[in-house]
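Morning, everyone. I'll take one structure today and walk through a few parts of it. Please have the sequence and the model open.

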Amino acid sequence: MNPLRSLILAAAGNDVIRRAVATAPVSRDVVRRFVAGETTADAVGATRGLVDAGLTVTLDYLGEDTTDEGLAEQTVHAYVELLDALHEHGLADRAEVSVKLSAVGQLLDERLAAENAARICAAAQRCGTTVTLDMEDHTTTDSTLRVLAELRGTYPWVGAVLQSYLHRTVDDCARLAGPGSRVRLCKGAYAEPAEVAYQDTHEVDLSYVRCLNALLAGDGYPMFATHDPRLVPIVGARAEFHGRKPGSFEFQMLYGIRPDEQRRLAGLGHTVRVYVPYGVQWYGYLMRRLAERPANTAFFLRALTSRA
Ligand SMILES: Cc1cc2nc3c(=O)[nH]c(=O)nc-3n(C[C@H](O)[C@H](O)[C@H](O)COP(=O)(O)OP(=O)(O)OC[C@H]3O[C@@H](n4cnc5c(N)ncnc54)[C@H](O)[C@@H]3O)c2cc1C
């Protein structure tokens, strides 16, 4: 892994750095580039703008790794409120939600997380939309896939995320490529050890291509989450090879990253879904976005020093 990326991800776990960054006034400006705002109304407003531009959306109420049952409960409420608001504003057919199981209690108890996720799924069903379970670090992969299987028993439309940096993922893609499945393929955003994950970015990209072929060859609905200018055309070419028409798979990108490319792909007739994070707990999310790209860190540091 890139040493700068490891450093930033390590810093993300340091409480002193966390407090310093979270309370710096300039952080707010940088956060706005990647985060839609803090409230349900902000999330709905951002969704409206993207939908009007021909895009679809998945919303993430920020928060993760909670060890407090009350916070997990609060997260469930936030999602239910959001889903109701999307429905009320006529946006539920274009916007779904992404949920991190660690935000709804996975670290406390897998059963609690499954029950909380099921409540969010019930609200999504009532509002006419879907839920995708985000994937977190590799210690949670088996647990998340177990919860996914359980939820899909009642809500067959629940989506999963698989990360191409993990050695296991090509097999997981083949297993999850069945009829009705929705799988988001991404590279993976956590600092993972060599025992379980490719460390070389080229290896991660090669794995991404193997995984995308496995998904496209199956009967499910693959969702290709990448901004990589080399991988996007490969997705297009391999989709054509597998006889996939636009609408039988989709592209996904993060809010604020390559917005022109998002609109270009939508203009070609593809479904493009923008992952829109919102909420006050933006710290972990921001750190992962900074770690992905040295230019983002430089932007952040410049902003900090220009205000100092
Ligand atoms: C919709 C969506 C959902 C995701 N869900 C998950 C998840 O559940 N679990 C998980 O582990 N990861 C998730 N990720 C993150 C993902 O794993 C990667 O960390 C992230 O997408 C960067 O990888 P990349 O494929 O864009 O390629 P990279 O090789 O990182 O980047 C390729 C190019 O994309 C552009 N780019 C990429 N990142 C940035 C950035 N931060 N700022 C500016 N430009 C950038 C640059 O041009 C860069 O050269 C998700 C990503 C997306 C798009």
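Let's start at the ligand. Strand E7 gives the most to the shell around the ligand, with 3 residues. Keep in mind that this is a predicted model.

Now the shell as a whole. It holds 23 residues. The closest are Asp134, Cys186, Ala225, Thr226 and His227. Which elements give two or more residues to this shell? They are strand E4 (159-163), strand E5 (182-186), strand E7 (250-254) and helix H12 (283-292). By class, the shell around the ligand has 10 nonpolar, 6 polar and 7 charged residues.

Next, E4. How many of the residues of E4 are buried? The count is 5 of the 5, so E4 is largely enclosed by the rest of the structure. Look at the two faces. Gly159, Val161 and Gln163 point one way from E4. Ala160 and Leu162 point the other way. That fits the general rule: in a regular strand, side chains alternate between the two faces of the sheet.

What about the partner strand? E4 and E5 run parallel, and 5 bridges join them. On E5, Leu185 stands opposite Leu162. To get from E4 to E5, the chain goes through helix H8, residues 169-175. This β-α-β crossover is right-handed.

Now a single residue, Thr132. You will find Thr132 in strand E3, residues 131-133. Is Thr132 buried or exposed? Thr132 has 25 C-beta neighbours inside 10 Å, and the cut-off for buried is 20 or more, so Thr132 counts as buried. Leaving out residues up to four places away in sequence, Thr132 touches Thr58, Glu96, Ser98, Gly159, Val161, Arg182 and Arg184. Gly159 and Val161 we have just met: both point the same way from E4. There is also Lys100. Thr132 and Lys100 are 32 residues apart in sequence, yet 8.8 Å apart in space, C-alpha to C-alpha.

Last stop, helix H9, residues 201-217. First, a check on its length. At 1.5 Å a residue, the 17 residues of H9 should span 24 Å. The end C-alpha atoms of H9 are 24 Å apart, which agrees. Which residues of H9 are buried? They are Ser207, Tyr208, Cys211, Leu212, Ala214, Leu215 and Leu216. And what covers these buried residues? The cover includes E4, H8 and E5, along with strand E6 (221-225) and helix H10 (231-241).

So E4 comes up twice: E4 gives residues to the ligand shell, and E4 helps cover the buried residues of H9. Over to you for discussion.

Methods
Residues are numbered from 1 along each chain as its sequence is written. This is a predicted model: local features need pLDDT of at least 70, side-chain atom pairs count only at pLDDT 80 or more; totals for chains, interfaces and linings use all residues. A residue is near a molecule or strand if its C-beta atom, placed from the backbone, lies within 6 Å of it. Helices (H or I, at least four residues) and strands (E, at least two) are DSSP runs, numbered from the N terminus. Ala, Val, Leu, Ile, Met, Phe, Trp, Tyr, Cys and Pro count as nonpolar, Asp, Glu, Lys and Arg as charged, and the others, Gly among them, as polar. A residue is buried if 20 or more other C-beta atoms lie within 10 Å of its own, exposed if 12 or fewer, and partly exposed in between; C-beta atoms are placed from the backbone. Two residues are in contact if their C-beta atoms, placed from the backbone, lie within 7 Å. Two strands pair if DSSP finds at least two bridges between them. A crossover is right-handed if, with the strands pointing away from the viewer, the path from the first strand over the helix to the second runs clockwise. The expected span of a helix is 1.5 Å times one less than its number of residues.
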